[in-house]
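This report describes selected local features of a single protein model. The sequence and structure are shown first, and the description follows.

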Amino acid sequence: VAARVADWQLARMDGLHITTHMKEESQQPLSWQQGAFWVGMTRLADASGEKRFREAILKQGRANQWKPGPRPWHADDHVIGQSYLWAARHGAGAEAIAPLRATFDGILAKPPVTHLSFYIPKNYEDTACLRRWCWCDALFMSPPAWVELSQQTGDARYTNYALAEFWATTDFLYDAVEKLFFRDSRFFERRDDQGRKFFWSRGNGWVFAGIANVLDALPRDNPHRPRMEALFRQMAGKVKLIQKSDGYWAPSLLAPENSPPET
């Protein structure tokens, strides 16, 4: 079934068939939407062993000239790099990771210095904290690429940076009582009409999947691994507990009544 879905989508990567509410951005081959799709394709290629999926991943990487998104510091523009890193291990070679590595080297040379508080000025792109991982989705988009880059290059600086930033974000956004992540700091004090906190369903899905992908790349003897595994188990217990009887989750995770489904 997954292969049928993939074949259908791969045949329809044009603008006529990408019609989300963020259509213009979704059509961009380096966007987070397409980047997340290609991460999924790498997993399908691994699970299925089908050569056509491997070839599709390599083809899109070459068409992109192995470039990450245009904003060097923005996590959303790093996720496409995860498919390039996979490609490098599956025939594309070192050229597939060279542009991503150059981007990350630039960040290491001048790490962003800003608080993680999410304050939006007149122009959203000028939000200072977007230079770091100040929204929970970012923990899917960027850290796995950093950790895998260390594995492929032998340079531990990428993993060290990623884990330092991952824990900074977690310490800031993770609610240790509810064992869930706030989307960003704007939601710390918000409550619904029953006094419940807002925890975005899909956002916590991003984090949960991001942890899994980091653990895939993180060496077994890394000293951060026990803490990462413990966080994953904590979240697993919570999301199991609040799963609805129909198999879905509520968009606001603690407010299941009268809620549309979200996976």
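Beyond its neighbours within four places in sequence, N213 is in contact with V39, R43, Q82, F140 and P144 in this predicted model. N213 lies in helix α10, which covers residues 201–217. With a relative accessible area of 11%, N213 is buried, because that value falls under 20%. Other buried residues of α10 include W206, V207, I211, V214 and L215. An α-helix has 3.6 residues a turn, so residues three or four places apart point the same way. The length of α10 agrees with expectation: its 17 residues should span 24 Å at 1.5 Å a residue, and the C-alpha atoms at its ends are 25 Å apart.

A second topic is the packing of two other helices. The axes of α9 (residues 157–173) and α11 (residues 225–241) come within 12 Å and cross at roughly 40°. The crossing of α9 past α11 is left-handed. On the α9 side, the contact is made by L163, F166, W167, T170 and D171, and on the α11 side by R227, M228 and L231. By class, the residues of this contact comprise five nonpolar, one polar and two charged.

The cysteines come next. The whole structure contains one disulfide. It joins C129 and C134, whose sulfur atoms are 2.1 Å apart. The link is right-handed, with 60° about the S-S bond. Both C129 and C134 are buried. Why does C136 not form a bond with C134? The closest cysteine sulfur to that of C136 is in C134, and at 10 Å it is too far for a bond, since a disulfide requires sulfur atoms within 2.5 Å. C136 is nevertheless buried, at 1% relative accessibility.

Finally, two residues have an unusual backbone angle for their type. Most residues other than glycine have a negative phi. Q65 and N258, neither of them a glycine, have a positive phi. The table sets out their angles, places and exposure.

| Residue | Phi | Place | Relative accessible area |
|---|---|---|---|
| Q65 | about 55° | loop between α4 (51–63) and α5 (80–92) | 52%, exposed |
| N258 | about 55° | segment after α11 | 81%, exposed |

Q65 counts as exposed because its 52% is over the 50% cut-off. N258, at 81%, is exposed for the corresponding reason.

Notes. Residues numbered from 1 in each chain as written. Predicted model: local features only at pLDDT ≥ 70, side-chain atom pairs only at ≥ 80, totals over all residues. Heavy atoms only, no water. Axes fitted to C-alpha atoms, helices over the stretch in contact; angles between N-to-C directions. Helix = DSSP H or I, 4+ residues; strand = E, 2+ residues; numbered from the N terminus. Left-handed = near helix turned anticlockwise from the far one by under 90°. Contact = heavy atoms within 4.5 Å. Nonpolar A, V, L, I, M, F, W, Y, C, P; charged D, E, K, R; others polar. Buried < 20%, exposed > 50% of the residue type's maximum accessible area, 1.4 Å probe, protein only. Expected span 1.5 Å × (residues − 1).
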